[in-house]
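The questions below ask how certain descriptions of a protein model are justified. Each answer sets a computed value beside the rule that it has to meet.

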Amino acid sequence: MSSEATTTRQETHDPHGLLSPEFLRTLERLELVSRRILIGRLKGERRSRRKGQSVEFADYRDYVPGDDLRFLDWNVYGRLDRLFLKLFVEEEDLHFHVLLDVSESMGYGAPAKLRTACQFAAALAFVGLIGQDRVAVHAITDGVVAGTGGLRGRRSVFRLLEFLQGLRAQAPGNLNLALRRFAAAHRTPGIVLVLTDFLDKHGYESGLRYLLATGMDVHVVQVLAWEELDPPLRGDLKLVDIEDGDEVEVSVSAPLLEHYRRRVRAFCRAIEQWCVARGISYLLATTTMDPEKLVLEHFRKVGLLR
Amino acid sequence: MQFLNALATWQWFVLAAVPIGIVLLYFLKLKRDPEIVSSTLLWRRTLEDLHVNRPFRWLRLNVLLILQLLLIGLLALACLRPAISRVAEGTRHFVILIDNSASMAARDVPPSRLEAAKKAAIREVIDGLMDADDQAMVITFNERAQVVASYTSDKKALRRKIRAITQSHRRTDLREALRIAVALANPETVQTDDLVLDESGRPIAAVKPVPAAAVLYSDGGFPDLPDALLGNLELAFRPIGTDTANTAITTLSVREIEGDPETVQVFAELSHFGSAPVTVPVRLFWNNTMIAAQQIRFTEPGQQTVAFRVRAQPGLVRLELATNDSLPLDNHAAAVLSEPRKAQVLLVTAGNRWLERALSTEEVTRIAEVRKAEPAELRTSALRTQLATGQFDLVICDRTAPPELPEANTLLFGAVPPDLQDTPGQEVAWPRIIDSDATHPLLRYVNLTPLRIAHATVVKPPPGANVLASAAAGPLIWLRPRGFYVDCVVSFPLLDDNGRPVTDWPIRISFPIFLMNTLRLLGRAQISVAREPIRPGTPIELPASRVGASANRLLVRTPDGTSQPLTRLGDRWVFARTDRVGLYRVMAGSEELVAVPVALQDRRESDVTVRSGTRIGAREIRASERPMTVRRDLWPLLAAAALAVCLVEWYIYNRRIAL
């Protein structure tokens, strides 16, 4: 593995500027860690909670007809005259899904929230690819509108970055629906990183519940533009929703702005509390923050990176 | 709150259109710049929070509209020139107007309405409203106004002067009192000949306008004064008294009865005020002896007349209503019957059988004492002194004139008064009387038309003369007033110098009638002298000739027992202070010259109904109105408020405090 990493080091720079080369070098030393041991499709570098075929003994269980006779413990049979089946801790690869909200609202801000989200996606997916995990990036609006499919290995980094660069904010989103559809299609446990602004009038709770129900290790990054946190608006305005064209007439005043800011803070805090209560890690990222620093600090802290 | 309209009707319509326009403008949507945001989710929630949390949301949303409408409303209100009556600051001036006319003697508020008014004035104004700096003046009024106390802040003196106000029996006239009060409050209205005098005769200085509040204590027995101007004077009315009934003698007169010189008729008009039916005994006294009585029943308010026949003998005839109503002073009225007075007549003639015969009839001797004198006697000092001192009532001159005008009336036949001797006369032969003034008392029952006159000397009468009969050439009989006296000139003699008749008048019936008329009117002869009552305040006048030259001091014994002097004004003696009803006896030493009865005889004063309000100038003065306030214009405040609202609106618009 280390030799492969060395050979591809020149290839892993980001031609599109999502991630700096120094950051990439830092990321190469990290690996994704699930707070739970997850089941993967292939045998990878992870311990799985599924008892399986590996060298590490896990437990015994009674033999039932149909079991693979190769795993019978003949020594125990010799001593106890009972058939026991040896169970081993199966080492499997990790499924790492990045759900990237590309609804139209993600295109808002300067720089756009989508770019910040892509930076997070690129950084963590890169770690996953380097760690030989099975990485898939899904662009979601009210469903999965595009995806990389399963990627693995350093060779896929460029494909990943290209995919991310090709993303554009598009149709109106429905986070709940998108998460539900994703959860229905992906029953395999793994790590899910949801990158969204949560500015969705349909809510987010049921979608995240669906994700939790799949047993996945869910991480959430809420990306907001600084224009959303502290709107540079003045005067009598007709605010037009970028997604559904909904109009709100406001006469912006200092008290109104203050109230709005309080509202935004409360909104974010509510999401955080909801997530924390359900074992979901939550990070609020704004477009003015340094994503590299956030990735290193936050995801190390919550144990996603090691 | 009072209002004065400052705008024309069309201007009001324009003003009324402004708020409508403002509201219509608010129906137009504000043009807002579209602004793309990532989501309206949080904005909507923010607005919902505000809507839910903010009280008076509607008010906040429309605060600019409300302010603009308020601004217009304030301006419109300012155009109405509103004013409030409020207590003035600084030194305040009070005018206490106390009615002391006859009706204020009513006893329905014991002891009398005047006393109640005095107490109320002291209690309300002196003790109640006046602060140490405030000043008050007191004016009493009946038909005359009198300043009892000039402006002073000495409450003790004011109390003393109010308590000293006495009852008068005169009628009510608010006009003069109001003029004094208004003149002090509005000095620009004071004319130089309109100066107000205080009780000592000094003019009351009205140097600067002093807005004053007047409190009127009266029973309202005066007519409305719609043409009065109050100006700075704020008037409050305090009605004194209760609704009560009263019966009064409102007229008393004594009439001769034609053809019965021994009897006179006492005629009285009685008035009843009050809705309850009442029976009033009416008694007639002659020198305190009741000689007749009647019962008069009133079933409703109104007048009734009562008449008595009385022997024409000297004495005091007094009519009395034996009733205990609220105003006693109108229950009595008296007339004085005196000795028949004979006219003192001097006939100056060189001999005229017609005249002498006509003046010696029984009828004439009953009413006149005629003394005959030759024209030459007019030059004697004795007769001249008698003429100059008013010893005669009438001097009849036949074809001659006295050298100077006597202190008496004159009747001149074929002569002109001495002051007109130089006036050229025109000899007219056979003039025909073509016009005569049959309405004049001298020509009563006298028909001059058939007279035949041989010749006459027509003199142009002086200005002011009253022509009784005239021919085509000019006046033949005319009267010339001369001070207290009258000269009657007949332009033709009865006989010529040769004793031949010039006219056939003496043989006509009209001649003795004319002479009798002359004796009654110019000789002041009366069969029976009945002095009918005069009203309180009417002066007693006596011609100096009646008194005699020797008298230099006359006294009047008034009904309340005091003696007061008469004043000599030219050819007459005058006593003006007949304030109270009763009998006034004019005394020359111990001799009673004449007795003059004074009675109220005023329906308005006897009507003791209390009015609750009155109209003075343009204002309806109600009894309940708050006193002691001055008019304060509010429009400057309203304009300032409108300006403030405008500034607030501007500030809010710029700060956008409201959503």
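Rings of Phe, Tyr and Trp, the last by its six-membered ring, are taken as a pair if their centres lie within 6.5 Å. The model discussed here is a predicted one.

Q: What makes one aromatic cluster in chain B, and which residues form it?
A: Pairing of rings rests on centres within 6.5 Å, and Phe413(B), Phe492(B), Trp505(B), Phe511(B) and Phe514(B) form one such cluster.

Q: Why is the pair of Phe413(B) and Phe511(B) called tilted?
A: Planes under 30 degrees apart count as stacked and planes over 60 as edge-to-face, the rest being tilted; the planes of Phe413(B) and Phe511(B) stand at 55°, with the centres 6.4 Å apart, so the pair is tilted. Because Phe413(B) lies in strand 18 (residues 409-413) of chain B and Phe511(B) in helix 11 (residues 510-521) of chain B, the pair ties together parts that are 98 residues apart in sequence.

Q: How do you know whether Phe413(B) and Phe511(B) are buried or exposed?
A: Buried means under 20% relative accessible area; Phe413(B) has 0% and therefore counts as buried, and Phe511(B), with 1%, is buried as well.

Q: What kind of aromatic pair do Phe141(B) and Phe222(B) form, and what are the values behind the name?
A: Among the 13 aromatic pairs counted over all chains, the pair of Phe141(B) and Phe222(B) is edge-to-face, with 6.5 Å centre to centre and 70° between the planes, where an angle over 60 degrees is required. This pair links distant parts of the chain, with Phe141(B) in strand 4 (residues 135-141) of chain B and Phe222(B) in the loop between strand 6 (212-218) and strand 7 (234-239) of chain B, 81 residues apart.

Q: Why is strand 23 (residues 475-482) of chain B described as largely enclosed by the rest of the structure?
A: Seven of its eight residues are buried, so the description follows for strand 23 of chain B. This strand pairs in the antiparallel sense with strand 22 (residues 466-471) of chain B over four bridges, and with strand 24 (residues 485-490) of chain B, again in the antiparallel sense, over six bridges.

Q: What makes Asp67(A) and Arg61(A) a salt bridge?
A: A side-chain nitrogen of Lys or Arg has to be within 4 Å of a carboxyl oxygen of Asp or Glu, and for Asp67(A) and Arg61(A) the closest N and O atoms are 2.8 Å apart, which means that the rule is met. Asp67(A) is buried because its relative accessible area is 16%, whereas Arg61(A), at 34%, is partly exposed.

Q: How do you know that Arg611(B) and Asp224(B) form a salt bridge, and where do they lie?
A: The closest N and O atoms of Arg611(B) and Asp224(B) are 3.3 Å apart, against a cut-off of 4 Å. The pair links distant parts of the chain, 387 residues apart: Arg611(B) is in the loop between helix 13 (603-606) and strand 33 (613-616) of chain B, and Asp224(B) is in the loop between strand 6 and strand 7 of chain B.

Q: Why is Leu83(A) called partly exposed?
A: Partly exposed covers the range between the 20% and 50% limits, and Leu83(A), at 31% relative accessibility, therefore counts as partly exposed. Leu83(A) also makes a nonpolar surface patch of about 290 Å² with Trp74(A) and Tyr77(A).

Key: Residues numbered from 1 in each chain as written. Chains lettered and ligands numbered in written order. Predicted model: local features only at pLDDT ≥ 70, side-chain atom pairs only at ≥ 80, totals over all residues. Heavy atoms only, no water. Patch = residues over 30% accessible without salt bridge, like charges linked within 9 Å, V, L, I, M, F, W, Y side chains within 5 Å. Areas by Shrake-Rupley, 256 points an atom, 1.4 Å probe, with all protein chains shown as cover. Buried < 20%, exposed > 50% of the residue type's maximum accessible area, 1.4 Å probe, protein only. Helix = DSSP H or I, 4+ residues; strand = E, 2+ residues; numbered from the N terminus. Pairing = 2+ DSSP bridges.
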